[in-house]
Amino acid sequence: MNDNDAREDDLRRRVAKFVRREGYPLEMGVGLDLLNCGWAVYHSAPYADPTSGEVRAADIYTSKRFLASERCAARVALAVECKFSRGRPWVAVRGPTSSA
């Protein structure tokens, strides 16, 4: 193996380690599972943060239409964040709600 091959091999290992550490495989797996269940899936979908107004990116935006009858349908849309947490507790945080 020459020096160039060794550098490329090292780069591949470092990139693979980074991807595994960041949870990207989890995001891809969740997206594939949603697709296989008939959901439309969009990765890194932009949205306006309701608290700050800043544009952010959700890991996954997904939606699916459900028919109750010929005249009644509903579309469910979800913004999904995929977090990889080895050895750490899971925490769910909910934003403020309004009474509409």
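## A walk through the model, starting at Asp 9

Select Asp 9 to begin: with a relative accessible area of 28%, Asp 9 is partly exposed. Keep in mind as you go that you are looking at a predicted model.

**Stop 1: helix α1**

Now add Arg 13 to the selection. Arg 13 and Asp 9 form a salt bridge, and their closest N and O atoms are 2.5 Å apart. How far apart are Arg 13 and Asp 9 along helix α1? They are four residues apart in this helix, which covers residues 3-22, so about one helical turn separates them. As background, side chains of opposite charge can pair when their charged atoms come close.

Next, pick Arg 14 and Asp 10. Their side chains also meet in a salt bridge, at 3.2 Å from N to O. Arg 14 and Asp 10 both belong to helix α1 and sit four residues apart, about one turn of the helix. Is Arg 14 buried or exposed? Arg 14 is exposed, because its relative accessible area is 52% and the cut-off for exposed is over 50%. Asp 10, at 30% relative accessibility, counts as partly exposed.

Show Asp 9, Asp 10, Arg 13 and Arg 14 together, and you have a network of salt bridges linking these residues.

**Stop 2: another salt bridge**

Move along the chain to Arg 56 and Glu 54. These two form a salt bridge as well, with the closest N and O atoms 4.0 Å apart. Arg 56 counts as partly exposed at 34% relative accessibility, and Glu 54 counts as partly exposed at 46%. How many salt bridges are there by this rule? The count comes to six.

**Stop 3: strand β1**

Select Ser 44, which you will find in strand β1, residues 40-48. Check the backbone here: phi of Ser 44 is near 55°, a positive value in a residue other than glycine.

**Stop 4: strand β3 and a surface patch**

Color Phe 66, Val 76 and Leu 78. Together they make a nonpolar surface patch of about 220 Å². Val 76 is placed in strand β3, residues 72-80, and is partly exposed at 33% relative accessibility. Leu 78 lies in strand β3 too, and counts as partly exposed at 38%.

For a sense of distance, draw a line from Leu 78 to Ala 6: the C-alpha atoms are 44 Å apart in space, and the residues are 72 apart in sequence.

Stay in strand β3 and select Val 80. Is Val 80 buried or exposed? Val 80 is buried, because its relative accessible area is 19% and buried means under 20%. Draw another line, this time from Val 80 to Tyr 24: 13 Å separates their C-alpha atoms, with these positions 56 residues apart along the chain.

**Stop 5: the largest pocket**

For the last stop, select Tyr 47, Asp 49, Pro 50 and Thr 51, then add Val 93, Arg 94, Gly 95 and Pro 96; these residues line the largest pocket. About 180 Å³ of space lies in this pocket. Which classes of residue make up the lining? Try coloring by class: the lining has four nonpolar, two polar and two charged residues.

Key. Residues numbered from 1 in each chain as written. Predicted model: local features only at pLDDT ≥ 70, side-chain atom pairs only at ≥ 80, totals over all residues. Heavy atoms only, no water. 1 Å grid on protein atoms, 1.4 Å probe; cavity = no way out; pocket = protein on both sides within 12 Å on 5 of 7 lines; lining within 4 Å. Points joined across faces, edges and corners; volume = space filled by probe spheres on them. Nonpolar A, V, L, I, M, F, W, Y, C, P; charged D, E, K, R; others polar. Patch = residues over 30% accessible without salt bridge, like charges linked within 9 Å, V, L, I, M, F, W, Y side chains within 5 Å. Areas by Shrake-Rupley, 256 points an atom, 1.4 Å probe, with all protein chains shown as cover. Helix = DSSP H or I, 4+ residues; strand = E, 2+ residues; numbered from the N terminus. Buried < 20%, exposed > 50% of the residue type's maximum accessible area, 1.4 Å probe, protein only.
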